[in-house]
Amino acid sequence: PVPYGAAELLARPIGLHRTDASVRTVGRLAHLGSWILTARGTSRLGGVSGLVVVPNDRLGGPDHVTAVTDAGDLVRFDWHRSGAAPASVPLTIAPLRDEAGAPLPGEKARADAEDATLADIDERTGAYRLLVSFEREHRVLSYDGRAPGAATRQPLTGLPAFKANDGIEGLATYATRDGRRLAVGAQDGRIWTCPELGGACALRVARSPFGFDVAGLAPLPGTGDLLVLYRKLDVFRGWRTIVARLYADGRIEALARIESPLESANYEGVAAAPAYGPRGGWRVYLISDDGFDAGERTLFSVFEYRE
């Protein structure tokens with residue numbers, strides 16, 4: 001298969017519960033659908049660790065999905081809003097680049113992208129920056145969101161010296177009364193708040209309240225709050241996931257726990273977008289990292305969350 005260029009995303013539906021099709025909710029999340037994703041025309045779909053979903057302004061139009069991978073790739077496709085996925089959708093995969101414009105893939109120590117978020121959004125022109133966090137060589141790089149090319153490094157200070165494979169797993173910009181901020185989440189559960197486009201970071205959350213690792217962060221649109229994705233591998237129960245809400249006042253509330261007998265996977269990417277319709281609320285998207293392991297899968301799940 002060709003490594004880059006136009007490809008096709010294939011989606012096979014799967015239920016929320018492994019044996020009971022009547023189970024449609026988990027905690028405060030209503031399950032809208034889950035799909036096992038594979039690709040035709042490329043061998044590079046895998047290792048997905050970060051997720052951004054941008055709602056389409058057109059009524060009935062698909063949402064725009066952007067993901068980053070452990071192999072240093074940028075994955076993009078459009079996703080339906082109905083409960084039934086099409087058999088396939090167009091898929092593009094391109095390499096993320098360093099500050100000199102050179103492709104990152106092939107250098108695991110420099111290409112291990114873990115999360116992504118949108119920043120510096122210009123409502124008038126539609127321009128925005130795509131921020132991507134990396135571990136092993138720990139840093140946050142900024143790209144032109146519409147046409148990612150050479151990167152610029154975000155000048156963040158006040159963060160500790162992370163271990164090699166224990167770095168910035170979560171990244172999210174969010175609104176506050178004093179302007180937009182950047183949240184940085186470490187695998188060990190600590191979360192910092194920083195200026196959106198660089199500067200001194202301050203510790204906001206000192207530890208995980210659940211004993212799980214942080215796997216991803218996402219802004220909850222229309223609030224000053226964040227979604228935090230926690231995960232843990234249990235030798236008997238497999239992957240265990242908690243979707244939590246981090247409130248502006250520092251409270252952390254578990255919204256859902258996804259574990260056996262529910263379909264579970266190594267969820268590492270989380271995103272949220274406004275729900276459509278009179279009931280309001282949000283759509284919550286999760287995507288898993290298959291580690292490019294034939295025994296794992298890329299599981300994409302969509303839920304509805306209403307207060």
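In this predicted model, the side chains of Ser-49 and Glu-268 meet in a polar contact of 3.1 Å. Ser-49 has a second partner too, since its side chain also reaches the backbone oxygen of Gly-47, at 3.2 Å. The residue belongs to strand S4, which covers residues 48-54. Is Ser-49 buried or exposed? With a relative accessibility of 0%, Ser-49 counts as buried, because the cut-off for that label is anything under 20%. Its list of contacts, with neighbours within four places in sequence left aside, takes in residues from several stretches of the chain: Val-68, Thr-69 and Asp-70, then Ala-113, Glu-114 and Asp-115, then Ala-215, Glu-268, Gly-269 and Asp-289.

Next come the nonpolar cores. The largest of them holds 26 residues, and Leu-227, Leu-286, Phe-303 and Tyr-305 have the most contacts inside it. Which elements give two or more residues to this core? They are strands S3 (29-40), S18 (213-219), S19 (226-234), S21, S22, S23 and S24. Leu-286 makes a handy example of who touches whom: setting aside residues up to four places away in sequence, its contacts include Leu-51, Leu-229, Val-243, Ile-258 and Val-270, along with Phe-300 and Phe-303. A separate core of 23 residues lies apart from this one, and Ala-11, Leu-37, Val-48 and Trp-79 are among its members.

Aromatic rings get their own look. A pair of such rings is described by how far apart the centres are and by the angle between the planes. The count here is eight aromatic pairs. Take Phe-77 and Phe-300: their ring centres are 6.0 Å apart and their planes sit at 80°, so this pair is edge-to-face, the label for angles over 60 degrees. Phe-77 comes from strand S6 (residues 73-79) and Phe-300 from strand S24 (residues 298-305), so the pair ties together parts that are 223 residues apart in sequence. Both Phe-77 and Phe-300 are buried. They also belong to one aromatic cluster, together with Trp-35, Trp-79 and Tyr-285.

Rings can have charged company as well. Arg-139 lies over the face of Phe-134, 4.4 Å from the ring centre. Another case is Arg-251, placed over the face of Tyr-247 at 4.1 Å from the ring centre.

Now for the sheets. Four strands make an open sheet in the order S8-S9-S10-S11, and their pairing is antiparallel. S8 and S11 (152-153) are the edge strands, each pairing on one side only. How many bridges hold S9 and S10 together? S9 pairs with S10 (residues 139-144) over six bridges, in the antiparallel sense. Across this pairing, Val-132 stands opposite Leu-141 of S10. As a rule, side chains in a regular strand alternate between the two faces of the sheet.

A hairpin turns up elsewhere, built from S13 and S14 with two residues between them. These two strands run antiparallel, and eight bridges join S13 to S14 (residues 179-186). One of the matched pairs is Leu-171 with Val-184 in S14. Why can S13 be called largely enclosed by the rest of the structure? Seven of the nine residues in S13 (residues 168-176) are buried, so the strand is largely enclosed.

A short strand, S16 (residues 199-200), contains Gly-199. Gly-199 and Glu-169 are 30 residues apart in sequence, and their C-alpha atoms are 19 Å apart in space. Beyond residues up to four places away in sequence, Gly-199 touches Pro-155, Leu-156 and Thr-157.

A few backbone oddities round things off. Ser-260 and Pro-261 are joined by a cis peptide bond, with omega at about 15°. Pro-261 sits in the loop between S21 (252-258) and S22 (267-274). Asp-120 has a positive phi of about 50° although it is not a glycine. This residue is in the loop between S8 (113-119) and S9 (129-134). Asp-120 is partly exposed, at 41% relative accessible area, because that value falls between the cut-offs of 20% and 50%. Phe-292 also has a positive phi without being a glycine, this time near 55°. Its place is the loop between S23 (282-288) and S24, and at 44% relative accessibility Phe-292 counts as partly exposed.

Terms used
Residues numbered from 1 in each chain as written. Predicted model: local features only at pLDDT ≥ 70, side-chain atom pairs only at ≥ 80, totals over all residues. Heavy atoms only, no water. Phe/Tyr/Trp six-rings, centres within 6.5 Å; stacked < 30°, edge-to-face > 60°. Buried < 20%, exposed > 50% of the residue type's maximum accessible area, 1.4 Å probe, protein only. Lys NZ or Arg CZ within 6 Å of the ring centre and 35° of its normal. Contact = heavy atoms within 4.5 Å. Polar contact = N/O pair within 3.5 Å; in protein donor to acceptor, adjacent residues only side chain to side chain. Core = buried A, V, L, I, M, F, W, Y, C linked by side-chain atoms within 4.5 Å. Pairing = 2+ DSSP bridges.
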